[in-house]
Amino acid sequence: MITMLTVLLYLGLILEPRTGVQAGHLPKPIIWAEPDSVIAAYTSVVIWCQGSWEAQSYHLYKEQNVNPWDTQVPLETRNKAKFNIPHMTTFYADIYRCYYQSAAGFSEHSDAMELVMTGAYENPSLSVYPSRNVTSGVSISFSCSSSIGFGRFILIQEGKHGLSWTLDSQHQANQLIHATFVLDAVTPNHNGTFRCYGFFRNEPQVWSKPSNSLDLIISETKDQSSTPTEDGLETYQKILIGVLVSFLLLFFLLLFLILIGYQCRHKKKANASVKNTQSEDNAELNSWNPQNEDPQGIVYAQVKSSRHQKETASKESQDVTYAQLCIRTQEQNNS
């Protein structure tokens, strides 16, 4: 009985000044770990406690201990202090809180921070069903299994969201120890890398090595990704593109018809010019036959066109040569 009274008196002396401080509304301190609160074995880690500019000392303690586990003076900024752990072991794996002391008294305790050591046991295996590539709203399940008889498994999503799920292990005949994590109606927030760990119930901060990683890719369905306004805009763009393509086709068709018509008119004019020239030459040569001369004493060449109407200019030159020969023959007969 005397021992119990002594313990209660001791606790009252410790908690009394802190209770008085809470009435003074000192800022509640913040606790965190760098680089992370889940640390591989034998890796260094720093625990930070940030409080008030009036702080004179910072105290760090484990949740199961009454006395502070460590005490540090503030840094030059005076509003925070750090507690170094050079090599992470199972001894440091625990739940921590911190508080600070100022001239006004003690602050209230910070929120709890769980410092976990990984790598104590062999890694489990992680699988996903039905696939790692699914659409929003689909339900998927992760299975974390191991040959070690872990009491619990934890599934962690790495990255900015930092989601986690913890389940008791299940054991069935001829099967590995496992736990099945079902995610109903997944969303793009579930995109990321997933790993799982196993641990025993009596050491919840001592985990196994991480499992193999699985990258989950969630794509949005059309109904979820588009709003009525976006659908209307997309339809309008398709109609506009169709109209523009139709105008371009009509423009090129009209241009093609204009070019065809121009070529046809040019050919007709060229054919008409050739016909007129040939008609004039034939008329001139056929009309030359003097009435008073003897037809037998006159040698002349009557040139007629024997080729098609599209004969070239070389034919015209030959006709002129024959006409000149005819004139010369007439002159010789007259002399």
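Here are three short exercises on the strands of this structure, each with a worked solution.

This is a predicted model, in which local features need pLDDT of at least 70, side-chain atom pairs count only at pLDDT 80 or more, and totals for chains, interfaces and linings use all residues. Residues are numbered from 1 along each chain as its sequence is written, and side-chain values use heavy atoms, with hydrogens and water left out.

**Exercise 1.** Find out which strands β2 and β7 are joined to, and in which direction they run.

*Solution.* Start with the terms: strands are DSSP runs (E, at least two residues), numbered from the N terminus, and two of them pair if DSSP finds at least two bridges between them. Next, take β2 (residues 38-40): three bridges join it to β9, and the two run parallel. Within this pair, Ala 40 has Thr 118 as its bridge partner. Then turn to β7 (residues 94-102), which three bridges join to β9 in antiparallel fashion. Here Ile 95 stands opposite Glu 114.

**Exercise 2.** Decide why strand β9 counts as largely enclosed.

*Solution.* Buried means under 20% relative accessible area, exposed over 50%, and partly exposed in between (1.4 Å probe, protein chains only). Now look at residues 113-118: five of the six residues of β9 are buried, so the rest of the structure largely encloses this strand.

**Exercise 3.** Work out the strand order of the open sheet that contains β3, and name its edges.

*Solution.* The order is β1-β3-β6, with antiparallel pairing. At the edges stand β1 (30-34) and β6 (80-85); each has a single partner strand, so one side of each lacks a neighbour in the sheet. Finally, check one pair: six bridges join β3 (residues 45-50) to β6, and Ile 47 has Phe 83 as its bridge partner there.

Key. Helix = DSSP H or I, 4+ residues; strand = E, 2+ residues; numbered from the N terminus.
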